[in-house]
Amino acid sequence: MATDQHPVEIILARGLMSNLVTPAFLVDLEGTLVFYNEAAGDLLGMRFEEAGPMPATQWGTFFVPHDESGAPIPVPELPLSRVLANGRPSHRQMWVRSTRGEDRGLEVSAFAIVGSAGMRGAMAIFWEAPGAA
Amino acid sequence: MRLKLWGVRGSVPTPGPETLRYGGNTSCAQVTLSDGTQLVLDAGTGIRNLTLDENGHEPRRIHILLTHLHIDHIQGLLFFSPLFDSRMEVTIWGPAGPGGTLQDRIARYLSAPLAPVEVRELPCQLDFRDCPFTEWDIGTARIRAEAVSHRGPTLGFRISEPDGSLCYIPDHEPAFAGPIEQLPPAWVSGYSLALDADLLVHDCQYTDEEYPRHFGWGHSSLSDALCFARRTNVRRTLLSHHDPRHSDDELDALLAVARARWQADGGAPRTIEMATELGEIEIGSSSNAATAAT
């Protein structure tokens, strides 16, 4: 019997995100990026269908998250990582580099997805910061 | 194990001449395990007619497994005679959820002003338990409960004995997360629960024409129910949770369409059936297949 099925809370979160025009990321409990939506794909220059699932060590650097000065943001300090580490919502401003080489300024809000069985993963929503791109 | 269906109607009871053949009682199924242990799946109005002593042997212990607490799945509790028998031990299993313990949540129905009896007044030896998030054993069966896509905390059940398995998901909208046909298995709600089951009892509340007007209501169209059954490779499927507006004749027509489509996809048409009140099925015969008894 297959045992790698996503919990229904994650499945439903993906369904929600698929219908949003706001860019959004979805990670499982291990921090694996299991989905991002079409709007996030437009932002990053690569559709999820092309990128596929990635562990945190990969997605946390793949899109080159950095601060205003250009300094890389360590993976544990990314909002999604902070949510998974302590279960609390997290928000910060950051920049990412698309596959087209463009730096995009973002406000990122991340929060835990918690079901009856406890935390099942987390999602992050991105807003482009006006004038920060 | 043996399955007997006591209620297969969705949403609300539908007594009347147009629903006599498939039945008008809401969800309830009785599973008799190979050691005689009695499981009752959901407590819709069908539970009122459920008889435990058909073979002259009346069990003293019953397990009621609730998929969720929508009224059509618990309405019959107040009319289930074992709850009023002090000799009976009844365990009610259900989904954990916000809003208090399972007993607290059920007591919203079994209390004034909705009911004349409070839970604490029931004479039986009553026990409430949240379904574990891991498999557990009842009698000779291994039980697995898994949250599935519906409105509010809702479970599907898989009941397995060494020679057969039943998957019961009467309220389920796997297509809410996206087209089932295109989703990888890991993203299909209920997939691992149903995979390779000998018998699947699954939601099929709507025709394909009706479904778009009810998208997000937590139930499946015919096409989605068939797609789910095909993708999970179940041996036999009972389409259930019939829409209260569907007459027997309409369900006959829906079954004809279902079988034609199933056959067109390479399946044996008789492995698709409409769930019928009082229908009985033996699961796990020597041929390891679900076989109709009546």
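Which residue in strand 9 of chain B is the bridge partner of B:Arg144? In this predicted model, the bridge partner of B:Arg144 is B:Arg158. Their pairing belongs to a ladder of six bridges that joins strand 8 (residues 141–147) of chain B to strand 9 (residues 155–161) of chain B, and these two strands run antiparallel. Strands of a sheet pair through backbone hydrogen bonds, in either the parallel or the antiparallel sense.

The wider setting of this pair is an open sheet of seven strands in chain B, arranged in the order 7-8-9-10-11-12-13, with mixed pairing. Its edges are formed by strand 7 (136–138) and strand 13 (272–274) of chain B, each of which pairs on one side only. On average, neighbouring strands of this sheet are turned by 20 degrees against each other, direction ignored. Helix 3 (residues 222–231) of chain B packs on the sheet, where it touches strand 11 (199–203) and strand 12 (237–240) of chain B. The direction of helix 3 makes about 155 degrees with that of strand 11 of chain B. Helix 4 (residues 248–264) of chain B also packs on the sheet, touching strand 12 and strand 13 of chain B. The direction of helix 4 makes about 170 degrees with that of strand 13 of chain B.

Attention now turns to an earlier part of the chain. Strand 5 (residues 89–94) of chain B pairs with strand 6 of chain B in the parallel sense, over six bridges. Within this pairing, B:Gly94 has B:Asp130 in strand 6 of chain B as its bridge partner. Together with helix 1 of chain B, these strands make a right-handed β-α-β unit. The loop between helix 1 (102–107) and strand 6 (125–130) of chain B holds B:Pro113, and the peptide bond from B:Ala112 to B:Pro113 is cis, with omega near 5 degrees.

Two further loops contain residues with a notable backbone angle. B:Ser11, in the loop between strand 1 (2–7) and strand 2 (28–32) of chain B, has a positive phi near 75 degrees although it is not glycine. B:Ser11 counts as buried because 20 C-beta neighbours lie inside 10 Å. B:Asp42, in the loop between strand 3 (38–41) and strand 4 (61–65) of chain B, likewise has a positive phi, of about 70 degrees. B:Asp42 is buried, with 28 other C-beta atoms within 10 Å.

Finally, the two chains meet: 16 residues of chain A are in contact with 18 residues of chain B. On the side of chain A, the largest share, six residues, comes from helix 1 (residues 8–18) of chain A. The residues of that side divide into seven nonpolar, seven polar and two charged.

Methods:
Residues numbered from 1 in each chain as written. Chains lettered and ligands numbered in written order. Predicted model: local features only at pLDDT ≥ 70, side-chain atom pairs only at ≥ 80, totals over all residues. Helix = DSSP H or I, 4+ residues; strand = E, 2+ residues; numbered from the N terminus. Buried ≥ 20, exposed ≤ 12 C-beta atoms within 10 Å, placed from the backbone. Contact = placed C-beta atoms within 7 Å. Nonpolar A, V, L, I, M, F, W, Y, C, P; charged D, E, K, R; others polar. Pairing = 2+ DSSP bridges. Right-handed = clockwise from strand over helix to strand, strands pointing away. Axes fitted to C-alpha atoms, helices over the stretch in contact; angles between N-to-C directions.
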